[in-house]
Amino acid sequence: MQALDEILKHAESEIKSAADLKSLDHFRVYYLGKKGQLTEYLKTLGQLPPAERPAAGQKINAAKEAVQALIDQRILQLQSTLIEKQLASESIDVTLPGRSEGMGSIHPVTRTFDTLRRIFSQMGFVFMEGPEIEEDYYNFTALNVPPLHPARAMQDTFYFSNGLVLRSQMSPVQIHAMKTMRPPLRMVAMGRVYRRDFDLTHTPMFHQMECLMVDERVTFADLKGLLNHFLKEFFETDAPIRFRPSYFPFTEPSAEVDIGCIRCSGKGCRICKNSGWLEVLGCGMVHPNVLNGVNIDSEKYRGFAFGVGIDRLTLLKYGMTDLRSLFENDLRLLKQF
Ligand SMILES: [Zn+2]
């Protein structure tokens with residue numbers, strides 16, 4: 001009976017320190033299995049005098065039950081530790097902020113395109129498109145810039161070896177329009193143009209809008225009225241507008257148009273280089289040579305035209321200074337729109 005107590009003591013310390021269910025099962029077999037320590041003990045009952053057998057049997061059975069209870073208890077402990085461990089490793093912190101889908105926005109240049117389309121379609125202009133790779137004729141000759149004309153040097157054009165060019169302005173679309181449609185004509189062309197230039201205010205590819213109106217009694221005053229409305233509408237301002245005489249081969253007379261600085265209201269700032277004015281576009285009355293070249297009678301019809309940099313309009317409207325930033329697709333910039 002003393003040995004039985006020893007076994008119980010051993011079993012208790014071993015079961016309580018069992019590290020996992022597998023070693024616990026090992027102890028169960030060791031003590032309670034068919035050849036386990038306590039089972040073997042039960043088999044020795046026969047050697048005892050009959051009078052002692054019931055008491056000894058009861059004691060051994062109690063020991064078996066005690067060991068089984070210890071094992072059951074340890075199983076519960078190990079299982080709950082296992083569950084806690086699993087919960088800790090699979091836990092979700094519901095207080096963390098979620099990962100949202102990135103929200104896209106409309107590129108500032110696209111915004112300007114949309115605004116221009118709205119303003120000019122409200123005034124009854126039609127929008128036309130043309131190829132980006134042009135024949136020399138449409139990009140220069142038809143616009144009163146014959147070969148060897150000095151104005152060709154004003155635009156650093158990309159030439160292909162077969163005489164084609166990447167259009168350096170949107171004017172070729174006007175030539176296509178005047179060759180296929182008869183006046184009265186009110187059209188706008190917006191798109192990509194190309195020049196060999198790259199610095200703070202120039203990129204090899206940029207966007208231009210050109211506007212043309214041809215009719216019997218079109219005057220410079222009509223042009224002025226249109227530009228006045230357009231610039232005030234676009235910049236949402238009452239800033240003054242001024243015309244300065246200028247030269248373009250395809251218009252006569254020609255003018256450059258400034259708007260009172262929308263940043264400083266004409267007081268002078270970094271954007272307007274302290275002049276109080278912002279250069280925005282070039283315009284003029286269509287040169288008779290251009291009209292005659294597309295078989296529109298310049299004695300009967302007159303027209304005005306203007307061209308404006310869409311990217312420059314965008315920079316001015318949003319108070320930006322580096323044209324290149326519009327094409328770098330830096331999300332920190334784009335997210336502000
Ligand atoms: Zn200014």
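At what angle do helix α9 and helix α11 pack? Select residues 220-235 for α9 and residues 310-318 for α11, and look along the pair: the angle is about 50°, and the axes are 10 Å apart. That makes the two helices oblique to each other, because the angle falls in neither the parallel, the antiparallel nor the perpendicular range. Keep in mind as you go that this is a predicted model.

**Stop 1: where α9 meets α11**

Show side chains for Phe 230, Phe 234 and Phe 235 in α9, then add Leu 313, Leu 316 and Lys 317 in α11; these are the residues that meet. Colour them by class and you get five nonpolar residues, one charged residue and no polar ones.

Stay with α11 for a moment. Seven of its nine residues are buried, so the helix is largely enclosed by the rest of the structure. To see them, select Ile 310, Asp 311, Leu 313, Thr 314, Leu 315, Leu 316 and Lys 317. What do these buried residues pack against? Their neighbours are α5 (108-122), β4, β5 (205-215), α9, β8 and β9 (302-309). Now step just past the end of α11 to Gly 319, where phi is positive, at about 65°.

**Stop 2: the zinc ion**

Next, click on the zinc ion and bring up Cys 261, Cys 264, Cys 269 and Cys 272. Each of these cysteines donates its SG atom, and the donors lie 2.2 to 2.3 Å from the zinc ion. Along the chain, the spacing of the donors reads C-x2-C-x4-C-x2-C.

Why is the arrangement called tetrahedral? The four donor atoms subtend angles of 102 to 115° around the zinc ion, which makes it so. For comparison, the ideal angle for four tetrahedral donors is 109.5 degrees. Switch on a surface and check two of the donors: Cys 261 and Cys 269 are both buried.

Then move along to Lys 273, in the loop between β7 and β8 (277-286). Lys 273 has a positive phi, near 50°, although the residue is not a glycine. Is Lys 273 buried or exposed? With 74% relative accessibility, Lys 273 counts as exposed.

**Stop 3: a helix pair, α2 and α4**

Now select residues 21-32 for α2 and residues 53-89 for α4. Their axes come within 11 Å and cross at roughly 175°. The two helices are therefore roughly antiparallel to each other. On the α2 side, the contact is made by Leu 21, Leu 24, Arg 28, Tyr 31 and Leu 32; on the α4 side, by Lys 64, Val 67, Gln 68, Ile 71, Arg 74, Ile 75 and Leu 78. By class, this contact has eight nonpolar residues, three charged and one polar.

**Stop 4: helix α8 and Gln 174**

Go to α8 (171-180). Seven of its ten residues are buried, so α8 is largely enclosed by the rest of the structure. The buried ones are Ser 171, Pro 172, Val 173, Gln 174, Ile 175, Ala 177 and Met 178.

Pick out Gln 174, which is buried because its relative accessible area is 5%. Which residues does Gln 174 touch, leaving aside those up to four places away in sequence? They are Met 187, Glu 210, Cys 211, Leu 212 and Ala 305. For a distance check, draw a line from Gln 174 to Asp 197: the two are 23 residues apart along the chain, and their C-alpha atoms are separated by 24 Å.

**Stop 5: backbone details**

Two cis peptide bonds are worth a zoom. One runs from Pro 183 to Pro 184, with omega near 0°, and Pro 184 sits in the loop between α8 and β4 (185-194). Another goes from Glu 252 to Pro 253, with omega near -5°; here Pro 253 is in strand β7 (residues 251-260).

Then try Asn 144, in the loop between α6 (136-139) and α7 (151-154). Asn 144 is a residue other than glycine with a positive phi, near 65°. At 19% relative accessibility, Asn 144 counts as buried, because the cut-off is under 20%.

**Last stop: a long line across the model**

Finish at Glu 6 in helix α1 (residues 2-16). Glu 6 is partly exposed, with a relative accessible area of 47%. Draw a line from its C-alpha to that of Arg 117: the two residues are 111 apart in sequence and 98 Å apart in space.

Methods: Residues numbered from 1 in each chain as written. Predicted model: local features only at pLDDT ≥ 70, side-chain atom pairs only at ≥ 80, totals over all residues. Heavy atoms only, no water. Donors = N, O, S within 2.8 Å, 3.2 Å for Na, K, Ca; no water. Tetrahedral: all angles 85-135°; square planar, octahedral: opposite > 155°, others 65-115°. Buried < 20%, exposed > 50% of the residue type's maximum accessible area, 1.4 Å probe, protein only. Axes fitted to C-alpha atoms, helices over the stretch in contact; angles between N-to-C directions. Helix = DSSP H or I, 4+ residues; strand = E, 2+ residues; numbered from the N terminus. Parallel < 35°, antiparallel > 145°, perpendicular 65-115°, else oblique. Contact = heavy atoms within 4.5 Å. Nonpolar A, V, L, I, M, F, W, Y, C, P; charged D, E, K, R; others polar.
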